[in-house]
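Colleague: Please take one part of this model and look at it closely, giving the surroundings of each side chain you discuss, and then work outward to the rest of the chain. I would like a single connected account rather than a list.

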Amino acid sequence: MQMGGGVPAIADWESDRPLHSLGSRWAGTAWHLTPIAKSPSASPMLYISSKPWPASGSGAKPFSKVLILGHVDVVPMATYGIEGEPTGVIRGRGVSDMKGPVAALMHLLKSLNPANLDLAMLVVTDEEIGGIDGAKFAFADAEGPHISCDMCLCPDGGDNFKLVTHEKGVFRIELTASGKSAHSAYPWNGDNAVLTLIDEIGRVGSIQHDGKPVFDNVGPQWHSTCVPTIIQGGQVINQVPGSASAKIDMRFTETWTLDTLKTVVFGALASSPNASKIRAEVVFEQPMLLCPPELPCMIATKKVMEDHVHHDVEYSRGHGTSDGHWADFPVVMFKPIGGGLHQDDEWVDFPSILTFYDICADVIKLFA
């Protein structure tokens with residue numbers, strides 16, 4: 001196993017059990033394995049490639065015709081475990097999102113001869129918390145390795161064999177309101193920061209642009225949304241709070257870019273009567289994922305999928321996000337049949353994983 005030239009080493013590869021377990025399964029194969037990390041303490045990645053990692057100082061960047069992108073981290077749950085039979089539905093955390101598809105793709109890679117392919121797989125461990133140390137570093141950071149490809153397969157969207165053409169972008173801010181503490185029996189002696197914060201949360205959620213609401217949280221239609229998710233304020237029940245804060249999660253469609261949405265949101269806050277008492281900071285931002293149906297890789301993948309599932313494959317627009325947003329190359333997304341993502345009853349149809357395996361094998365034959 002080698003370390004990518006110019007890429008920070010993982011502090012303790014042996015102790016990172018999920019990735020070390022994956023890496024050990026490739027012993028004796030002709031595939032090239034490269035552990036990657038943004039820093040010794042950052043979430044680690046594993047790059048599996050049909051070619052060696054570029055030599056340090058060569059100026060070359062890791063490239064493959066086809067890149068498979070997967071994550072093996074999961075969101076927390078009370079108890080972990082897998083139940084079910086390989087003839088039907090399997091239930092458990094990560095079976096759909098996305099250890100099931102990752103396991104199928106790793107099995108597929110091991111069955112292939114790397115000498116005949118231009119193929120790689122990047123396995124990351126921080127997708128569920130935004131991918132900052134993982135895919136963003138690998139693809140987009142100036143100090144990162146700039147891994148790239150002609151097309152990427154990322155089974156992190158498009159449940160039930162749908163092809164994803166759009167995923168919403170993400171813009172998250174933290175609002176901090178300042179006021180003046182006082183005894184709650186004498187509220188006129190204070191300035192309640194919680195009330196100021198409530199006003200500004202409402203202001204952001206009700207922003208209008210060109211006479212139309214920017215956000216709409218009602219129903220699953222394709223529009224931008226704005227959701228306050230964390231609110232903190234006050235220390236004791238008999239005191240007017242002198243400070244309060246809230247985090248707001250905004251998801252935006254192609255109507256907006258990150259820059260235009262930021263301009264509108266920060267403009268509304270700057271023009272507020274409470275502007276002197278409110279501070280807004282960006283917590284996280286991620287561009288949209290766009291993969292138009294007319295791309296050659298999308299056209300070919302759709303045909304392969306239809307040959308295997310024996311029905312017309314639908315295009316899908318995702319309200320959620322994935323590591324594919326960090327890429328500047330086409331990201332083709334579809335998944336086996338499953339559901340319950342981030343819920344206690346997450347499930348995947350095991351026979352559909354076998355179909356997914358066959359589809360990916362045929363797509364790789366076409367493009368790698």
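Modeller: D307 is partly exposed, because its relative accessible area is 46% and the exposed class begins over 50%; this value, like every other one here, comes from a predicted model. D307 forms a salt bridge with K303, and the closest N and O atoms of the two residues are 3.4 Å apart. K303, for its part, counts as exposed, because its relative accessibility is 53%. Both residues belong to helix α6, and because they are four residues apart there, about one helical turn separates them.

Just past this pair in the sequence is H310, which lies in the loop between α6 (296-309) and β18 (315-318). The phi of H310 is near 65°, a positive value in a residue that is not glycine. Most residues other than glycine have a negative phi, and most peptide bonds are trans. H310 counts as exposed, because its relative accessibility is 66%.

A positive phi, of about 65°, also occurs at N160, again not a glycine. N160 is placed in the loop between β7 (148-153) and β8 (163-167), and it counts as partly exposed, because its relative accessibility is 35%.

The pair in α6 can be set beside other salt bridges, of which the structure holds 15. D141 and K136 form one of them, with their closest N and O atoms 2.8 Å apart. D141 is buried, because its relative accessible area is 6%, whereas K136 is partly exposed, with a value of 23%. This pair does not stand alone, since K38 is linked with K136 and D141 in a network of salt bridges.

Another salt bridge joins D191 and K277, whose closest N and O atoms are 3.2 Å apart. D191 lies in the loop between β10 (182-183) and α4 (193-205), while K277 lies in the loop between α5 (258-270) and β16 (278-286), so the pair ties together parts that are 86 residues apart in sequence. Both partners are partly exposed, D191 at 26% relative accessibility and K277 with a relative accessible area of 23%.

What does the domain assignment of the chain give? It gives domain 1 (17-166 + 288-367) and domain 2 (169-286), with C-alpha centres that lie 35 Å apart. Twelve residues of domain 1 are in contact with twelve residues of domain 2, and the two domains bury about 1000 Å² between them, 63% of it on carbon and sulfur atoms. On the side of domain 1, M288, R317 and H319 lose the most area to domain 2, and together they account for 54% of what that side buries. Across the interface of the two domains the rule finds zero salt bridges, although three residue pairs are in polar contact between domain 1 and domain 2. The residues on the side of domain 1 that touches domain 2 divide into three nonpolar, eight polar and one charged.

A last place that deserves a close look is the surroundings of E346, which sits in the loop between β20 (338-339) and β21 (347-349). Is E346 buried or exposed? E346 is buried, because its relative accessible area is 1% and the limit for buried is under 20%. The side chain of E346 makes a polar contact with the side chain of R93 at 3.3 Å, and it also reaches the backbone nitrogen of G94 at 3.0 Å. Leaving aside residues up to four places away in sequence, E346 touches I90, R91, G92, R93, G94, V95, S96 and D97, as well as G339, G340 and L341.

D97, one of the residues that E346 touches, is joined to M98 by a cis peptide bond, with omega of about -15°. M98 is placed in the loop between β5 (89-91) and α2 (99-111). This returns us to backbone geometry, where the cis bond between D97 and M98 can be noted along with the positive phi values of N160 and H310.

Notes:
Residues numbered from 1 in each chain as written. Predicted model: local features only at pLDDT ≥ 70, side-chain atom pairs only at ≥ 80, totals over all residues. Heavy atoms only, no water. Helix = DSSP H or I, 4+ residues; strand = E, 2+ residues; numbered from the N terminus. Buried < 20%, exposed > 50% of the residue type's maximum accessible area, 1.4 Å probe, protein only. Polar contact = N/O pair within 3.5 Å; in protein donor to acceptor, adjacent residues only side chain to side chain. Contact = heavy atoms within 4.5 Å. Domains from an automatic or database assignment. Buried area = accessible area lost by both parts, 1.4 Å probe. Salt bridge = Lys/Arg side-chain N within 4 Å of Asp/Glu carboxyl O. Nonpolar A, V, L, I, M, F, W, Y, C, P; charged D, E, K, R; others polar.
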